[in-house]
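Work through the exercises below with the sequence and the coordinates open, and try each task before reading its solution.

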Amino acid sequence: MNSPRWLDADEQRAWRAYLRMQGRLTARLNRQLQADSGLSLADYDVLVHLTDHEEGRLRPYELQRDLQWEQSRLSHQLTRMQRRGLVRREECADDGRGAYVVITEEGRRAITAAAPGHVETVRSVFFDGLTREQVTALERLATDVLDRLG
């Protein structure tokens with residue numbers, strides 16, 4: 001068995017800084033959404049994926065794949081959102097066992113109301129501190145890592 005390839009000091013600092021940034025950024029975005037719109041970051045993520053499709057609907061497995069969530073997490077999240085009237089489930093005519101997750105008018109109103117404050121927070125805490133070159137480098141870095149993840 002090969003010995004572990006430990007992180008060197010620079011890699012360790014970079015990795016820990018990334019983890020702190022990710023945690024704090026996620027917490028900040030979640031707090032802002034909750035305070036301004038009553039949506040959680042998870043609610044917002046689901047609604048964004050649904051509104052990215054003209055018909056506002058996706059099969060649950062498509063949402064699960066796009067969000068990279070476990071099936072149980074998606075199921076619980078959709079149940080909570082359905083209770084609040086943000087999404088509904090529709091039977092799939094092509095597949096009697098299948099269903100669609102569909103954004104409701106209430107869900108559209110919620111994301112429309114939440115989006116301006118959310119994007120302003122993303123801009124102010126993240127992008128306003130970066131140069132164009134850093135934004136390009138960030139995209140390249142994220143794309144490279146995503147490619148290695150498959």
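**Exercise 1: a leucine before a helix**

Leu7 lies in the segment that precedes helix H1 (9-37), in what is a predicted model. Task: determine whether Leu7 is buried or exposed, or in between, and which residues it contacts once neighbours within four places in sequence are left aside.

Solution. The relative accessible area of Leu7 is 41%. Because buried means under 20% and exposed over 50%, Leu7 is classed as partly exposed. With the neighbours within four places in sequence set aside, Leu7 is in contact with Gln12 and Trp15.

**Exercise 2: an aromatic pair**

Task: classify the geometry of the pair formed by Phe126 and Phe127, and state how accessible Phe126 is and how accessible Phe127 is.

Solution. The count of aromatic pairs comes to two. One of them joins Phe126 and Phe127, with 5.0 Å centre to centre and 75° between the planes. Since planes over 60 degrees apart count as edge-to-face, this pair of Phe126 and Phe127 is edge-to-face. Phe126 is buried at 19% relative accessible area, whereas Phe127 is partly exposed at 33%.

**Exercise 3: a nonpolar surface patch**

Task: name the residues that form a nonpolar patch with Phe127, and give their accessible area together.

Solution. Phe127 is joined in the patch by Leu138, Leu141, Val145, Leu146 and Leu149, and together the patch has about 550 Å² of accessible area. Val145 belongs to helix H6 (residues 132-149), and with a relative accessible area of 33% Val145 is partly exposed.

**Exercise 4: arginines over rings**

Task: find which ring face Arg59 lies over, and which Arg73 lies over.

Solution. Arg59 lies over the face of Tyr100, 5.5 Å from the ring centre, while Arg73 lies over the face of Trp69, at 3.9 Å from the ring centre.

Definitions and conventions:
Residues are numbered from 1 along each chain as its sequence is written. This is a predicted model: local features need pLDDT of at least 70, side-chain atom pairs count only at pLDDT 80 or more; totals for chains, interfaces and linings use all residues. Side-chain values use heavy atoms; hydrogens and water are left out. Rings of Phe, Tyr and Trp (its six-membered ring) pair if their centres lie within 6.5 Å; planes under 30 degrees apart count as stacked, over 60 as edge-to-face and the rest as tilted. Buried means under 20% relative accessible area, exposed over 50%, partly exposed in between (1.4 Å probe, protein chains only). A charge sits over a ring if NZ of Lys or CZ of Arg is within 6 Å of the ring centre and within 35 degrees of the ring normal. Helices (H or I, at least four residues) and strands (E, at least two) are DSSP runs, numbered from the N terminus. Contact means heavy atoms within 4.5 Å. Patches are made of residues with over 30% relative accessible area and no salt bridge: like charges are joined within 9 Å, nonpolar side chains (Val, Leu, Ile, Met, Phe, Trp, Tyr) within 5 Å. Accessible areas come from the Shrake-Rupley method with a 1.4 Å probe; for residues, only the protein chains shown count as cover. A salt bridge is a side-chain nitrogen of Lys or Arg within 4 Å of a carboxyl oxygen of Asp or Glu.
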